[in-house]
Amino acid sequence: MARIFQSLGSLAGDYSGAASVLHDMDGMIIFCDAGACMGGFVFGEDPKGGKAERRIFTASLREKQVVMGIDKKLKQDAVRTYRDVGGAFIALVGTPVSAVIGSDLEGIGKEICKKLYDERITEKQMKSIAVKTNGLDCYDVGQEKAYQALADAFIDEHTSALADVNVIGATPIDMWDYNQITDCIHLLKEAGAKAPIVWGANGGIQEISSASKVKLNIAVSVSGIKTVKELYKKYGTPYLIGYPLGKKQTTEWKEKVCQMLRGEVIECKKASKNVGKEKKRALIIYEQVTACALRDLLREEFDYGIVDVASFFKMDKSLKEENDFHIKDEEKFQTFLKEQEKYDLIIADPFCFSMISYEPEKKIMLPHIAVSASIYANQSPNIFGEKASLYFQKILREGK
Amino acid sequence: MDKKEMKIYTSEEVCEYLNKPGLKKTEQAKFLREGFRCFGAGERGMGGLSRTAKFIPESIHIIVSPVACQRHCDFDLKINGYTDGVYSIFLSEQEIVGGKVVEVLKKEILNLLQTLSPQPKVITITVTCIDGLIRSDYAGLEQMLMKEYGIRFGVVEMFPILADNKIKHTDQFPHMVYGRIKADPEKPKKKLINLIGKIDLVDPTTDFYTVLGKAGYEVREIRQCQTLEEFDEMGEACLNVVLSYFNLHAAKMMETKYKIPYFFWNQHMDFETIRSNYEELERILECSLSIEPYYQQAKEKAEEARRLAKGKTFAVSQRLDYIPVKAACDLAAVGFDIVSVFVDKIDRKDLKYYEWMKENSPHTKIYLAPDISMRTYMQSPESVDFAVGGIPALKNVENLRTLNLPEEPYDFTTYCRVMDKLIEQLKCEEKRDVPDIISAEESVFARQWKDYPKGVV
């Protein structure tokens, strides 16, 4: 049964990932779908609500348009809608329908912008981006594509610097809420950053346009990694992967950021590794960047010897340890679990526990919108920085 | 934008539009949505399609789609407690492009069958838009499963892309579900009445069950069937009572396939209509049904609601499990002052309701809810006391209270329940004792799901 999932049936799709990156960017976002794809995102994966004000729309494609061509209706509706809602750019998000019929999203986007300009609705020709998602991948792939599209379209080397640090990968779907973003910005300022920008939060396309001038890029989720690496290749901007969980990591991360802002080249080494078979064992099933920070926290502050990470989503080689597991099918994951000595602690989204065939000594539910949608969004703790030590101390040592 | 440019009409204007043949395109355009759909889409969700397939007893269900589409069905199934016997296959691009969907499914089903004990008697699958475009042929798989395993097979098509077609996917899925019944159409019919198209959970204590029981008829809903034999017995019923338009297509199929006549129960939030439905049923069954005490109770409830609603104004949402203009008529008939109705589209099949509104509540305005102009309207909306169902365009109305309604009632008991709910909510408003939403506990770990201001560092 290699291809069949029995316990866990759904994960956020790539177009939801793309939308989670774009929908706070002040653009007009168009899902090239029949309605359900966009509905799934807005009502399932956007915990912020306020749906009425968002500039996020469905093209409401129907069979007739799919057969005859989607361009005409899409352009017509986009122009009519833009007149009422405005926006700094147009983004077209692909879905299974647009992928199967091979829609030229880039071309349509450009034509919409041209039409808006020709009809004097915009003063100058706006930019459009096309995120070629197809619903076949998970959210992380969609986010990666959206970040790439934003970087390709808007970074302008002639723009003067508006920020000194870029944080990429902090989206609601990965549990980055207002509080966690505020904590991150504060910590970066403590580390010496003067104008830290979190893409999609305090950073819109204006701030992104000056991204080539920043001193440091930080990827805080797996979907930001490709972009920070690309920006390094293109502009030589140093980058950091990860964010701190726990007191020790917070001190070290702050120091690292501080050094990098001073232009020092620092050696990136693994914070910890699996040691001591007699010590406790933990498994973390989560998005890789967060899971790795949690792993270090458990090893450094809670005496866990073996901590393995498993993820349904992309796993970057630089963060992956020998026994980490990419969950591509449930059967192999079950085999993996059987092969391991029983874990004492399992940390995962509440929906994931149905895949675990035994009851570990301790389990900690850490909701992830990409897995359980917004159902537990408010029950998920913000454990950014030093708070993680306090949170896990309460649970692991005091049993709260 | 000038309010004249907004898609807001009187019922008289709507009636004139719907009654006038051969309108020019420019005249028609005034009543059609422009721009992208406002305030989102897919609000109702489509996960219910898979859930309905899972109502078939002794069945398993497999969602065969891209990973992103699975979310709709999977969540609905989970939230409603259908976790056993539900499986997912995430399709890859190669499988779709290479036309291998059926091959993959067949392989997985055969593997799965080896692990299941007892074996399922029915396998249903949900496919999505992408399959609607590539049109996989499942006939061979269906034949193989029947021939080699005696397993029935059915496909639920979740194709929002066909939402404007004459026969929609929402018509097709009940057709598929009830089409799995195996029954001899020539066999004498039992004193069994199928109730089809009900969304709410089975409740055999309502008057529909009671009065028909007293008359010697058993009422059966699909969810009451514990075994496939009980499900097949639905094919021996003497009548199908159809509650929703969605299920009409299935009822017509059952009339042809199993020779079961159907009666479209004119479902209304109105006790007089419920009574006339029963009268029609008495005629069809040639028996007398004792409904009087239930009728009187419903009448009293309506009177109480009317008293509480006096002096208040109401707006009706397009997001209800009701046809909004129909719900507006029903509430207006009770005595509610309906000032606005938010509809999804101006539909000819609703003409009778607009005509009723024109005669009985001419001041009620009709709003084309998904039109982009509603975003502008939202900035300075007209005042109203209550929204029946959530209405995004009224988000900025001060002191607006939202009344929630359960599923549209079909008999007197369910009618009384809806009225009770309205009464309870109206009473809360009267006493002003509805507690505010309890704010989340102030905690160092708390979340705040709101936007971060741009450019602020």
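These legends go with several close-up views of a predicted two-chain model. Residues are numbered from 1 along each chain as its sequence is written, and chains are lettered from A and ligands numbered from 1 in the order in which they are written. Local features need pLDDT of at least 70 and side-chain atom pairs count only at pLDDT 80 or more, while totals for chains, interfaces and linings use all residues.

**View 1. Domains 1 and 2 of chain A meet.** Chain A splits into domain 1 (14-154), domain 2 (165-261) and domain 3 (280-397), with bounds that come from an automatic or database domain assignment. The centres of domain 1 and domain 2 of chain A, taken over C-alpha atoms, sit 26 Å apart. Their contact draws 22 residues from domain 1 of chain A and 18 residues from domain 2 of chain A; two residues touch if their C-beta atoms, placed from the backbone, lie within 7 Å. On the domain 1 side, α7(A) gives the most, with nine residues. That side holds ten nonpolar, five polar and seven charged residues. Here Ala, Val, Leu, Ile, Met, Phe, Trp, Tyr, Cys and Pro count as nonpolar, Asp, Glu, Lys and Arg as charged, and the others, Gly among them, as polar.

**View 2. Helix α7 of chain A.** Helices (H or I, at least four residues) and strands (E, at least two) are DSSP runs, numbered from the N terminus. The 16 residues of α7(A) (139-154) should span 22 Å at 1.5 Å a residue, and the end C-alpha atoms are indeed 22 Å apart; the expected span is 1.5 Å times one less than the number of residues. Most of α7(A) is covered, with 13 of its 16 residues buried (20 or more other C-beta atoms within 10 Å of a residue's own; exposed is 12 or fewer, partly exposed is in between, and C-beta atoms are placed from the backbone).

**View 3. A:Arg262 in its loop.** Look for A:Arg262 between α11 (247-261) and β10 (280-285) of chain A. A:Arg262 counts as exposed because it has 10 C-beta neighbours inside 10 Å. A:Ser372 is 110 residues from A:Arg262 in sequence and 41 Å away in space, C-alpha to C-alpha.

**View 4. Chain A against chain B.** This contact takes 71 residues from chain A and 64 residues from chain B. Helix α2 (36-45) of chain A gives the most to the chain A side, with eight residues. The chain A side divides into 37 nonpolar, 19 polar and 15 charged residues. Elsewhere, β1 (4-5) of chain A and β3 (86-90) of chain B pair in the antiparallel sense over two bridges, where pairing calls for at least two bridges found by DSSP. A:Phe5 has B:Ser88 as its bridge partner in β3(B).

**View 5. The six-stranded sheet of chain B.** This open sheet runs β1-β12-β11-β10-β13-β14, with mixed pairing. Its edge strands are β1 (8-10) and β14 (401-403) of chain B. From one strand to the next, the twist averages 25 degrees; axes are lines fitted to C-alpha atoms, for helices over the stretch in contact, and angles run from 0 to 180 degrees between N-to-C directions. At one edge, β13 (386-388) and β14 of chain B run parallel, joined by three bridges, and B:Phe386 stands opposite B:Arg401. Helix α1 (11-19) of chain B lies across β1 and β12 (365-368), at about 85 degrees to β1(B).
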